[in-house]
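Colleague: I keep tripping over the words people use for structures. Please take one and show me what stands behind each word.

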Amino acid sequence: DCMLLDKAIENGAVARTDAHVLDVLFDGEQASGVKVKLARGRNGESETETCEIAAKVVVDATGTSAFLANRLGLLQSDSYLKKATVWSYFQGALRDAGKGEGATISLQSAGKSSWFWYIPLPDDIVSVGCTGSMRYMFNKDRTDPAEIFAAELDRCPVMQRRLASATQTAEFLT
């Protein structure tokens, strides 16, 4: 992603790394831009601003998050991996002091049926997700992402401590 960003800037693209993409805009079947929440307004002021930005090309570089594929209902799970994830963003979560403050952490839940990632991001935000087998994570008794996340969080005391004072800032994604 970094190489793609650097090359785009080198070729004249304007990059906003303080933007959280909320949606992709379409003109018919053609992506024509994005709706974003800017951490700093267009003029650099400190208040957040939501706006639409037109683009000739829209690239989904969200990796396994597959933002656009999820939005379009195109995401298909890999039948070989058969894994499922429920994740979201949180603000105000416990971070380690010093050099470890920005470290990505992986934690297993009790019984090792699932595991959590904890990825520190700028502005006191962390990405936290829980992954397990598709059969375990989503079954006839467990279909709501928020309930699945809560049930797995109950099985991981270390992650509970990290999220005890945090506020969830986005809907759960799968």
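Modeller: Let's begin with Lys35. Leaving out residues up to four places away in sequence, Lys35 touches His20, Val21, Leu22, Asp23, Leu25, Thr50, Cys51 and Glu52; touching, or contact, means heavy atoms within 4.5 Å. Keep in mind that this is a predicted model, where local features need pLDDT of at least 70, side-chain atom pairs count only at pLDDT 80 or more, and totals for chains, interfaces and linings use all residues. Residues are numbered from 1 along each chain as its sequence is written, and side-chain values use heavy atoms, with hydrogens and water left out.

Colleague: Where does Lys35 sit, and why is Lys35 called partly exposed?

Modeller: Lys35 lies in strand S2, residues 30-38. Strands (E, at least two residues) and helices (H or I, at least four) are DSSP runs, numbered from the N terminus. As for exposure, buried means under 20% relative accessible area, exposed means over 50%, and partly exposed is in between, with a 1.4 Å probe and protein chains only. Lys35 has 34%, so it belongs in the middle class.

Colleague: What about Lys112: which class does it get, and what stands out about its phi?

Modeller: Lys112 has 63%, so it counts as exposed. You'll find it in the loop between S5 and S6. Its phi is positive, about 55 degrees, although Lys112 is not a glycine. That catches the eye because most residues other than glycine have a negative phi.

Colleague: Which class fits Asp124?

Modeller: Partly exposed, because its relative accessibility is 37%. Asp124 is in the loop between S6 and S7, and its phi is positive too, near 65 degrees. In the hairpin of S6 and S7, which has three residues between the strands, Asp123 also takes a positive phi, near 60 degrees.

Colleague: How do you know that S6 and S7 pair?

Modeller: Two strands pair if DSSP finds at least two bridges between them. S6 and S7 have eight bridges, in the antiparallel sense, and Leu121 stands opposite Ile125 in S7. S4 and S7 are joined by nine bridges, again antiparallel, with Val86 opposite Cys130 in S7. S4 and S8 have two bridges, so they meet the cut-off of at least two. There, Gln91 stands opposite Thr167 in S8.

Colleague: In what order do the strands of this sheet come, and what makes S5 and S8 edge strands?

Modeller: The open sheet has five strands in the order S5-S6-S7-S4-S8, with antiparallel pairing. S5 and S8 (167-168) each have a single partner strand, so one side of each is left without a neighbour in the sheet.

Colleague: And why is S7 said to be largely enclosed?

Modeller: Count its residues: eight of the nine in S7 are buried, so the rest of the structure largely encloses it.

Colleague: What makes a set of residues a nonpolar core?

Modeller: The members must be buried Ala, Val, Leu, Ile, Met, Phe, Trp, Tyr or Cys residues joined through side-chain atoms within 4.5 Å. The largest core here has 20 residues, and Phe90, Phe116, Tyr118, Val128, Phe149, Met159 and Leu163 touch the most other members. At least two core residues come from each of S4 (83-91), S5 (105-108), S6 (114-121), S7 (125-133), H4 (145-153) and H5 (157-163). There is also a second, separate core of eight residues, including Ala31, Cys51, Phe67 and Leu68.

Colleague: Last one: why are Leu4, Val57 and Val59 called a patch?

Modeller: Patch residues have over 30% relative accessible area and no salt bridge; like charges are joined within 9 Å, and nonpolar side chains (Val, Leu, Ile, Met, Phe, Trp, Tyr) within 5 Å. A salt bridge is a side-chain nitrogen of Lys or Arg within 4 Å of a carboxyl oxygen of Asp or Glu. Take Leu4, in helix H1 (residues 2-10): it has 46%, so it is partly exposed, and the bar for a patch is over 30%. Together, Leu4, Val57 and Val59 form a nonpolar surface patch with about 290 Å² of accessible area; such areas come from the Shrake-Rupley method with a 1.4 Å probe, and for residues only the protein chains shown count as cover.
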